[in-house]
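Welcome! Take the exercises below one at a time, and try each task yourself before reading its solution.

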Amino acid sequence: MIISSRASISALDAASKDLSVRASNITNQRTSTPVDTVEISAAAQAAAANTEDSDESVFRPSQVSNVSVAGGGVQAVVREKAPSHHIAHNPDDPKANTDGMVALPNVKIVDELIGMSQARTMFEANLAMVRAEDEMAGTLLDSRF
């Protein structure tokens with residue numbers, strides 16, 4: 001029962017981290033940045049060359065992968081999305097270059113919402129497991145005394 005508890009608790013932690021990363025991605029999906037401050041393909045960089053430098057911090061979207069852990073359970077591994085940004089034409093953006101090009105985070109709202117739904121389901125299922133294990137342990141202790 002200890003191993004299954006550990007697995008359920010690690011899955012709760014992984015689901016929580018996944019939800020947090022996706023919420024951050026959704027919140028920052030419209031955060032623009034100058035084209036020359038992010039890694040994009042050479043062709044996109046050439047097409048949207050920017051002559052100004054910026055020292056601002058840049059939001060970089062992330063993604064979560066669940067990895068099996070020896071002995072049971074999962075661990076959430078957070079990695080930066082690649083490519084992290086895509087180029088958009090928005091000449092009204094104060095961070096746009098002379099051609100009106102700006103970099104936006106590579107966040108697809110539909111993918112994030114579906115992922116949040118999956119993470120929520122994972123969280124709920126593992127929470128039900130922890131509750132069932134707690135109830136079984138209580139029943140076991142009650143029957144011994």
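Two residues are in contact when they have heavy atoms within 4.5 Å of each other. Keep in mind throughout that you are looking at a predicted model.

**Exercise 1. Getting an overview**

Task: Find how many helices and strands the protein chain has, and in what order they run.

Solution:
- Step 1. Count the elements: the protein chain has 3 helices and 4 strands.
- Step 2. Walk along the chain from the N terminus, and you meet the order α-α-β-β-β-β-α.
- Step 3. Look at the burial: 31% of the 145 residues of the protein chain count as buried.
- Step 4. Turn to the surface, where the protein chain exposes about 9,100 Å², with 54% of that supplied by carbon and sulfur atoms.
- Step 5. Now take the contacts with a separation of 6 or more: residues 24 or more positions apart account for 60% of them.

**Exercise 2. How confident is the prediction?**

Task: Work out where pLDDT stays under 50.

Solution:
- Step 1. Start with the whole protein chain, which averages a pLDDT of 84. At least 70 is the score reached by 81% of the residues.
- Step 2. Move to residues 50–55, over which pLDDT stays under 50. For this stretch the model has 9 contacts beyond four places in sequence.
- Step 3. Read with care: where pLDDT is low, the predicted coordinates should not be read in detail.

**Exercise 3. Two residues of helix H3**

Task: Decide whether Gly115 is buried or exposed, and do likewise for Leu113, keeping "partly exposed" as a choice too.

Solution:
- Step 1. Locate the residues. Helix H3 covers residues 109–144 and includes Leu113; Gly115 lies in H3 as well.
- Step 2. Recall the cut-offs: buried means under 20% relative accessible area, exposed means over 50%, and partly exposed is in between.
- Step 3. Apply them. Gly115 has a relative accessible area of 3%, so Gly115 is buried. Leu113 has 48%, so Leu113 is partly exposed.
- Step 4. See what surrounds Gly115. Leaving out residues up to four places away in sequence, Gly115 touches Asp18 and Arg22. The C-alpha atoms of Gly115 and Val64 are separated by 9.7 Å, although these residues are 51 residues apart along the chain.
- Step 5. See what goes with Leu113. Together with Ile109, Val110 and Ile114, Leu113 forms a nonpolar patch on the surface, with about 350 Å² of accessible area in total.

**Exercise 4. Following a chain of charges**

Task: Starting from Asp18, find which residues are linked in a network of salt bridges.

Solution:
- Step 1. Remember the idea: side chains of opposite charge can pair when their charged atoms come close.
- Step 2. Begin at Asp18, which forms a salt bridge with Arg22; their closest N and O atoms are 2.9 Å apart. Both residues belong to helix H1 and sit 4 residues apart, about one turn of the helix.
- Step 3. Go on from Arg22 to Glu112, where the closest N and O atoms of the salt bridge are 3.4 Å apart. This pair links distant parts of the chain, with Arg22 in helix H1 and Glu112 in helix H3, 90 residues apart.
- Step 4. Glu112 also forms a salt bridge with Lys81, at 2.9 Å between the closest N and O atoms. Lys81 lies in the loop between strand E2 (74–80) and strand E3 (85–89), and Glu112 in helix H3, so the pair ties together parts 31 residues apart in sequence.
- Step 5. Put the pieces together: Asp18, Arg22, Lys81 and Glu112 are linked in a network of salt bridges.
- Step 6. Check the burial. Asp18 and Arg22 are both buried, and so are Lys81 and Glu112.

**Exercise 5. A covered strand and a loop residue**

Task: Find which residues of strand E4 are buried on each of its faces, and which residues Thr33 touches.

Solution:
- Step 1. In a regular strand the side chains alternate between the two faces of the sheet.
- Step 2. Sort the residues of E4 by side: Met101, Ala103 and Pro105 are buried on one, Val102 and Leu104 on the other. This agrees with the count for E4 (residues 101–105), where 5 of 5 residues are buried.
- Step 3. Find the partner: E3 and E4 pair in the antiparallel sense over 5 bridges, and Ile87 stands opposite Ala103 in E4.
- Step 4. Turn to Thr33, which lies in the loop between helix H1 (2–27) and helix H2 (42–47). Its relative accessibility is 6%, so Thr33 counts as buried.
- Step 5. List what Thr33 touches, not counting residues up to four places away in sequence: Val38, Val58, His85, Lys95, Val102 and Ala103.

Note on methods
Residues are numbered from 1 along each chain as its sequence is written. This is a predicted model: local features need pLDDT of at least 70, side-chain atom pairs count only at pLDDT 80 or more; totals for chains, interfaces and linings use all residues. Side-chain values use heavy atoms; hydrogens and water are left out. Helices (H or I, at least four residues) and strands (E, at least two) are DSSP runs, numbered from the N terminus. Buried means under 20% relative accessible area, exposed over 50%, partly exposed in between (1.4 Å probe, protein chains only). Accessible areas come from the Shrake-Rupley method with a 1.4 Å probe; for residues, only the protein chains shown count as cover. Patches are made of residues with over 30% relative accessible area and no salt bridge: like charges are joined within 9 Å, nonpolar side chains (Val, Leu, Ile, Met, Phe, Trp, Tyr) within 5 Å. A salt bridge is a side-chain nitrogen of Lys or Arg within 4 Å of a carboxyl oxygen of Asp or Glu. pLDDT is the predictor's confidence in each residue, from 0 to 100.
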